[in-house]
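Let's take a walk through this protein together, one region at a time. Have the sequence and the 3D view open, and follow along at your own pace.

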Amino acid sequence: MPRGGPRRRGGINTNRKGKFDPNDEKQVKHTKIGKVWELYEERQPELAKIPFSSKLNLERYLGLYDSLPSVWRMLKDIGSIRACWLYLSLYLVVQLVLSLIPAVQLWYSGQLLKIVEIAVEQRTVNKRLLFLVASSRVACSIADLILRHINTLISRPLNTRIKQYYTVHMFSVLARLDVPTYDDPLVQRQLEQAFPTNSRQSVIWRTVVGVINMGSTALMLVSQLFVLFSVLRNQQDGPLIALLSFSHSLLSSGSDTQSLFTRVWAATTHNADFIKLSGLRKAVADPAHRKEIVAGNMWEYMHSEYRRCITTLGEDAAEFFDVYEMFNQKRFPSFASIIQRPLQELPQIVFTLRAVQHPASIPLSLASLNLITTTATLFSHTLLKLFEQTGSISDNFATIRKMYEAINLANRIPDGPFPYPEDQQSLQMGMSVEFRNVSFKYPESKSYALRNVSFKIAKGQLCVILGQNGSGKSTILKLISRLYDPLEGQIFVDDQDIKTLKLADLRRALAILFQDYTHFPLSIKENIALGDPGHSDDIDRITQAATLGGASEFIERLEEGYDTYLDRPVRDYYSGLPEGTMDLFGRAVSFGRIRGIGGMKSNESTTLSGGQMQRIALSRTFMRSSVSEPSVGLLLFDEPSASLDPTAEHDLFERLRLLRGQKTMIFSSHRFGNLTRNADIILYMHDSVIVEGGSHNELLKAGGDYARIWNLQAQAFL
Ligand SMILES: Nc1ncnc2c1ncn2[C@@H]1O[C@H](COP(=O)(O)OP(=O)(O)OP(=O)(O)O)[C@@H](O)[C@H]1O
């Protein structure tokens, strides 16, 4: 794994201004957030010059603008989900009606006001009209309630369908990335931001709802204003009091907290206590360390260190966003939020003054005031909602943009144009492999893993690459399979530059066992079958591969055989009552019975020995390694016997010799023995270069390092 190497300076190009260089002090603002966190933000000079730009959250709106193409693409994608059409149109219609209801209610309130006006003037009430208006007003409220419920009902299937579509889409985005792209820490961060795993609702759905809500909120505001002003047009002081009430609403909507979302920033910590604290927390939570913690009596030390760090850091012992939020809360309220308080009282004062001047108009003004202040409150809530929505929608838009950027992430290893091989039968005779002056460095590394390496392996040969740890053996195998491309030089298979071959074709022609093989959190059957996904339901082939890999015996002894999960990816849930205590009825709490009936295991992972794990990985490779497999011409094995006992190793090499037929085979190993004696060609590596090459006898005759180590080993057995 390349992790932990020096991180590349500069950020993901998330901002219109380009790259973020934390070393450029003029461009970067540094703020210490509490004791632990250091925040570095890119300055945005052109925005700073615009007055009130931070208050108006200009960055957010610019961010909105930047994200529009991605949002448009999202809408088109959603439009392409046929199963959503009916629900979406229903949702839109209901939302439209809902946004007009407050204006209609307001209009009826205006009508009621008029009835009061006539009643005051003429001392008569049109009862029929009063009943009609009042009942329509009530009907509006009921319709609102029912429509909201319908909306909730529609949104669930709509959300599910959209979520399903995107979940599958995202899975393919993650699954298709190649090694250099996926391993890049910046890409990792980009993926984390694009596909946040902690939100229950999909960001897509939140954005769709947000966009629709914004539209309907805007419509609600306009329609309310329209009705209010047409009702109050002829009322004395009505427009003035309305204006005062609304100016308060306008001022109260705006947020004091600053958004980090649309800016280029990074936060880090160099606080030794916080880093240690996080490490201790991880170590205790990860089952992988449990054996050593227990056997090494480490817990007391860990506990006292953890307590010390927590005490030293106090409230700052938290993740960045939590501390940042606290930091923001400590800021003094803004000027606008201070002056809005007296403004709130102004309509009442104006009303009182007018009432004193014209006592006769009091009943009418009271009714108007009531209408205005109710509407103004409603208006202010709606407006606030609109502002909040713009804030959250710009965050959502930014996530959508990141998501589509991640969808478009290009793999670093470019595909080649030509199909391989021209004649499928030719693979039976093996593939030739040639390195010409190949040099290579891993992406995050400064030193060469291979330097000017040249060799040729003819079709059907058995090659063993020998060398000490870190000399570059595995790297050769990784370059042949184009996990990485060389920095300099060329690699040929069957005399064709591998960069010109279609990647999928090339990889189909290889069967590889990596040294750092992993086990997928899937059943043993799947773990083996993945060696040849095209035959994943061919159980005979899977058991045959397991036999060849020397794994079938112990697999069959497992309780669940081939269906065993080495590490079950889904955890069971248990109620919070601790085992051994008493429940409310005085019975001892025990989960044994439930577990027995539910077929739950007390241990969610099956422990196998290192050798058994290696046999499963070998079996995976054997899914495509047999002599009869027509699509494979080159077998690559990186230390296939590292964890095997001597008998198992001997048996394995015998099987491999029989199985390969005439196919080319390359081994990487640091062991000298039977394998090297039978090799057609041995490449002896030291410090990223090939220092010796030839057959066993040739190298012995040459009397170099190979001969020296061979003789050393031979002496040990004398
Ligand atoms: N993913 C990686 N990122 C950065 N450096 C790497 C990476 N993998 C290997 N290296 C470095 O490249 C060099 C060659 O590594 P390689 O794995 O090819 O050696 P090897 O001969 O196969 O060693 P071993 O016998 O231990 O398997 C080493 O210095 C190693 O530290």
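A good place to begin is the stretch covering residues 84-108, whose end C-alpha atoms lie 36 Å apart. That span is 96% helix and 0% strand. In UniProt, an unreviewed entry lists residues 84-108 as "transmembrane region". Please keep in mind throughout that you are looking at a predicted model.

Now look at helix α3, which covers residues 85-122. It has 38 residues, and from its first C-alpha to its last it reaches 55 Å, close to the 56 Å expected at 1.5 Å a residue. Even so, the helix has a bend of about 30 degrees at Ile101, and a proline, Pro102, follows within four residues. Pro102 is also one of the buried residues of α3, along with others including Tyr87, Val94, Trp107 and Gly110. Just after α3 comes Arg123, which has a positive phi near 55 degrees.

Let's step back for a moment to see the whole. The protein has 25 helices and 13 strands. Of its 718 residues, 27% are buried. If you take the contacts between residues at least 6 apart in sequence, 76% of them join residues at least 24 apart.

With that in mind, turn to a sheet. Here 3 strands form an open sheet in the order β1-β2-β3, with antiparallel pairing. Strands β1 (28-33) and β3 (265-269) stand at the edges with a single partner strand each, so one side of each has no neighbour in the sheet. From one strand to the next, the twist averages 20 degrees. Strand β2, residues 37-42, pairs with β3 in the antiparallel sense over 5 bridges. If you would like a pair to find on screen, Glu41 has Trp265 in β3 as its bridge partner. Helix α12 (residues 320-329) packs on this sheet and touches β1, β2 and β3, with its direction making about 90 degrees with that of β1.

Next, find Val438, which lies in strand β4 (residues 433-440). Is Val438 buried or exposed? A residue counts as buried if 20 or more other C-beta atoms lie within 10 Å of its own. Val438 has 22 C-beta neighbours inside 10 Å, so it counts as buried. Leaving aside neighbours within four places in sequence, the contacts of Val438 are Leu450, Val453, Leu479, Pro486, Gly489 and Ile491. For a sense of distance, Val438 and Thr621 are 183 residues apart in sequence and 27 Å apart in space, C-alpha to C-alpha.

Our last stop is strand β10, residues 634-638. Why is β10 described as largely enclosed by the rest of the structure? The reason is that 5 of its 5 residues are buried. Both faces of β10 are covered, with Leu634, Leu636 and Asp638 buried on one side and Leu635 and Phe637 buried on the other.

Strand β10 also has partners to look at. Strand β9 (residues 510-513) pairs with β10 in the parallel sense over 4 bridges, and β10 pairs with strand β11 (residues 664-669), again in the parallel sense, over 5 bridges. Leu635 makes a handy landmark here: Ala511 stands opposite Leu635 in β10, and Leu635 stands opposite Met665 in β11.

Technical notes
Residues are numbered from 1 along each chain as its sequence is written. This is a predicted model: local features need pLDDT of at least 70, side-chain atom pairs count only at pLDDT 80 or more; totals for chains, interfaces and linings use all residues. UniProt positions are given in the numbering used here, feature names are shortened, and annotations may be inferred rather than shown by experiment. Helices (H or I, at least four residues) and strands (E, at least two) are DSSP runs, numbered from the N terminus. Two strands pair if DSSP finds at least two bridges between them. Axes are lines fitted to C-alpha atoms, for helices over the stretch in contact, and angles run from 0 to 180 degrees between N-to-C directions. Two residues are in contact if their C-beta atoms, placed from the backbone, lie within 7 Å. The expected span of a helix is 1.5 Å times one less than its number of residues. The bend at a residue is the angle between axes fitted to the seven residues ending there and the seven starting there. A residue is buried if 20 or more other C-beta atoms lie within 10 Å of its own, exposed if 12 or fewer, and partly exposed in between; C-beta atoms are placed from the backbone.
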